[in-house]
Amino acid sequence: MNKAEQIRELARLHKDQLPLNFQFMEIIELEAERKKLTYTGKSLLSARHPFHIQVKKPCKALIRIL
Amino acid sequence: MILIFSEVNDLSTLAVAGYLDDYGVPYTVVLKTDTLRYTDADKGTLYIGENKICLKDIHAVWFRRGKFFIRSNAFKDRELDLYLYENNVIIEDYVNYKLEQVKSIGSAAGLHVNKLIVLEKAKACGLTVPDYCLEHDFQQQDATYIVKGVNGNTHFNSDQLRIILPVVKLNDSHSSGLSFFQRYTEKKYELRIFYLHGRFWSMAIFSQNDPQTTTDFRKYNKERPNRNIPYTLPTAIEAKLTCLMESLSLNTGSIDMIVTPSLEHVFLEVNPVGQFGMVSLPCNYNLEKEIADFLKS
Amino acid sequence: MTYFKLFTNCIVSKGIARSLICDLQRQSSTLIPNDLVAIITELDSATSVEDLFRQYGAENRETISEYLAYLTENEYGFYCESLEEFNRFPPMSTAFSGSGKITNAVIEVSEDMERNLGTILEQLNGLRCTSLVLMFYRPMDIDGLQSVLERFDGTEISSVEIVTAYHEAVGADFLKNLNARLTPLTSILFYNAPFDRTDPWDRNIYFDVRFSRSNIHSFKHCGIVSAAYFDTNFPKVLEAMNHNSCLHKKIGIDIHGNIKNCPAMETSFGNIRETKLAEALEHPGFKQYWGLTKDDIAVCRDCEYRYICTDCRAYTGRTHIDTGGLDTSKPLKCGYDPYTNEWAEWSVHPLRQEAIRYYGLEELVRNNE
């Protein structure tokens, strides 16, 4: 039994303890979620801030040569 | 000095920091991964890693995400670590109490609210809330009811899995553990409202056109996203919301409401650390600058 | 009474012959007839739908119904049941905001400058410039590009676009090596390539790669206005409504190290060898064009595309000067005529030949033919 099936089984067994919305739960694999992200995964460290800098193209063409 | 408790990937904090940089106002960002210490030296001194800040130099605090805390599991022993923890909580509460004495956005205490208490207080302030009840067994009613988590979370992660608890419209009778049932409210549009020290910025979300998002707009439709536009609350509703926020001791928060087809305003919930970027950007409110201006002044 | 509200994040840009709805939220623009603009304006001034039908008379009833159906079906607007509800939707602010003294920079990197790029980047980072274009009028090997990109470590620059000459070694391995390290590189253009091709970024290569047969030997190639460069998004359109859509918060360094608003412009505000970028920026003339919007520019002010297009002040038709001495002529390299709604090749227009000679663009124009 995989992990998702285990969770479903537990939710079924403890139906009377869990809120009703557990009977409608959906389970997805996070890895599959992460694979949908690509560009956003590219984040850089700033020397000045503790923040991650998200790499992104500017909102307009900075040069128009072609 | 402005003290900001936040996270590394919080874009809203980064945007606010940009304005503080423009103003040349010094600020320090504290992350959950930082090691924090406190001593009474110089009438109170905070140590953030190697960095030292005197409490008297801090003129504003933004509890964006997190608060002052002392990390400790020094003994790797349950009883000893519990003792240490109980000891540290006193220090943490004291330092957070001190930090809340200056101008602040958010508070250490207000990171979480109790949904059931919020609903009671909302009613007491004269706001309309959908009928709700906590029950084990759900009997089919004349009106439509929905069930949702009482803590407001629509999902949580476990290992490599995400467990999604959808908001469900009920058609049958069910039995379960204690659940939060709420009468389904027809909506013309939803409101997402950002509140900061008595001021409101509201956004209307037109989700009804799209069957994909009728019960919960957080299920995005990327092809044709819901329309989000600026909205002005009636002053009577603003007064009632102010009453609620004051009774909850919240100086900021993100409020969810529904406007019904008969144009009645119905209160759903308040999140003390809600995202304001999702109101600020679509409505061009520039709340990031409002926050920077508030912290600076 | 029923009222109709255009979603306030859809901005109507009225042209002389036709107009555009710029949908800032869904990032697309659509052409509409000016008759429809008149109706939208009427409805937006709180005229009820019933009154509108009455005003326009029975002969226009069907047309107006079609227009309203078009607006609702495309989710450009919605019905309000009362004036009270209508008034709860205030217009969206069209103010442009954002922090930083500079947002973007274009640098023509000479070999000399390549060695001192670190100090230039440090200055740009200090001004909180986030997007950068580096023009290399020469082929760059992998080591050269990597050492350039390494200098971005620790900065807050979130986008670097590179223009360089194609050479034999450029291939899949070359790009993979360039991708091996996390850098802010978002696009690379190889000019003088044996073929034309664009490969958008994907999960293997985190930047756009473009090959072009054109020979880019100077910044005289810039300033093209075409539909391919139109963009509809919040910052782009709001900036264009309030500032010059190309030059606002831009800084340029030309091949000789001269600090300018754009490398192709004439006026220099110092040389990087002796002047700091921040000092040049403080020069009274540096920002002279920052406030010049398309509403101030001849012909453009009548054009429906004016807020989604990007201006050019380096190459203009040289026909208009305002009272403050600013060039308010239409961009030279725009072939669109808002009066006839037709596109034509800009370089063959008889009235532009003098400007083409003035800027020394004859050779470039010939090569393009």
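**Exercise 1. Determine how much area chain C and chain B bury between them, and describe the contact.**

*Solution.* Chain C and chain B together bury about 2,400 Å², and 46% of this lies on carbon and sulfur atoms. Buried area is the accessible area (1.4 Å probe) that two parts lose on being put together, summed over both. The size of an interface is often stated in this way, as accessible area lost when the parts come together.

The model is a predicted one: local features need pLDDT of at least 70, side-chain atom pairs count only at pLDDT 80 or more, and totals for chains, interfaces and linings use all residues. Residues are numbered from 1 along each chain as its sequence is written, chains are lettered from A and ligands numbered from 1 in the order in which they are written, and side-chain values use heavy atoms, with hydrogens and water left out.

Step 1 concerns the residues. On the side of chain C, 31 residues are in contact with 27 residues of chain B, where contact means heavy atoms within 4.5 Å.

Step 2 concerns the charged pairs. Five salt bridges are counted between chain C and chain B; a salt bridge is a side-chain nitrogen of Lys or Arg within 4 Å of a carboxyl oxygen of Asp or Glu. Glu81(C) forms a salt bridge with Lys188(B), with the closest N and O atoms 3.4 Å apart.

Step 3 concerns polar contacts and the elements involved. Across the interface of chain C and chain B there are 20 residue pairs in polar contact, both residues at pLDDT 80 or more. A polar contact is a pair of N or O atoms within 3.5 Å; within protein, one must be able to donate a hydrogen and the other to accept it, and residues adjacent in sequence count only if both atoms are side-chain atoms. Strand E5 (77–80) and helix H9 (234–242) of chain C are the elements that give two or more residues to the side of chain C that touches chain B. The largest share of that side, three residues, is from E5(C). Helices (H or I, at least four residues) and strands (E, at least two) are DSSP runs, numbered from the N terminus.

**Exercise 2. State what kind of aromatic pair Phe5(B) and Phe63(B) form.**

*Solution.* A pair of aromatic rings is described by the distance of the centres and the angle of the planes. Rings of Phe, Tyr and Trp (its six-membered ring) pair if their centres lie within 6.5 Å; planes under 30 degrees apart count as stacked, over 60 as edge-to-face and the rest as tilted. By this rule there are 36 aromatic pairs over all chains.

Step 1 applies the rule. Phe5(B) and Phe63(B) are 5.4 Å centre to centre with 5° between the planes, and the pair is stacked.

Step 2 places the rings. Phe5(B) lies in strand E1 (residues 2–6) of chain B and Phe63(B) in strand E6 (residues 60–63) of chain B, so the pair ties together parts that are 58 residues apart in sequence. Phe5(B) is buried at 3% relative accessibility, and Phe63(B) is buried at 2%. Buried means under 20% relative accessible area, exposed over 50%, partly exposed in between (1.4 Å probe, protein chains only).

Step 3 sets another pair beside the Phe5(B) pair. Phe286(C) and Trp290(C) form an edge-to-face pair, 6.3 Å centre to centre with 80° between the planes. Both Phe286(C) and Trp290(C) are buried.

**Exercise 3. Describe the surroundings of Asn251(B).**

*Solution.* Step 1: Asn251(B) lies in the loop between helix H4 (235–247) and strand E17 (252–259) of chain B. Asn251(B) counts as buried, at 17% relative accessibility.

Step 2: the side chain of Asn251(B) reaches the backbone oxygen of Ser104(B) at 3.3 Å and the backbone nitrogen of Gly106(B) at 2.6 Å.

Step 3: not counting residues up to four places away in sequence, Asn251(B) touches Ser104(B), Ile105(B), Gly106(B), Tyr195(B), Leu196(B) and His197(B).

**Exercise 4. Describe the interface of chain A and chain C.**

*Solution.* Step 1: chain A contains two helices and three strands, in the pattern α-β-α-β-β along the sequence.

Step 2: the contact takes 25 residues from chain A and 46 residues from chain C. The area buried between them is about 3,200 Å², with 61% given by carbon and sulfur atoms. In chain A, Lys60(A), Arg64(A) and Leu66(A) lose the most area to chain C, together 27% of what that side buries.

Step 3: two salt bridges are found across this interface. Lys57(A) forms a salt bridge with Asp208(C), the closest N and O atoms being 2.2 Å apart.
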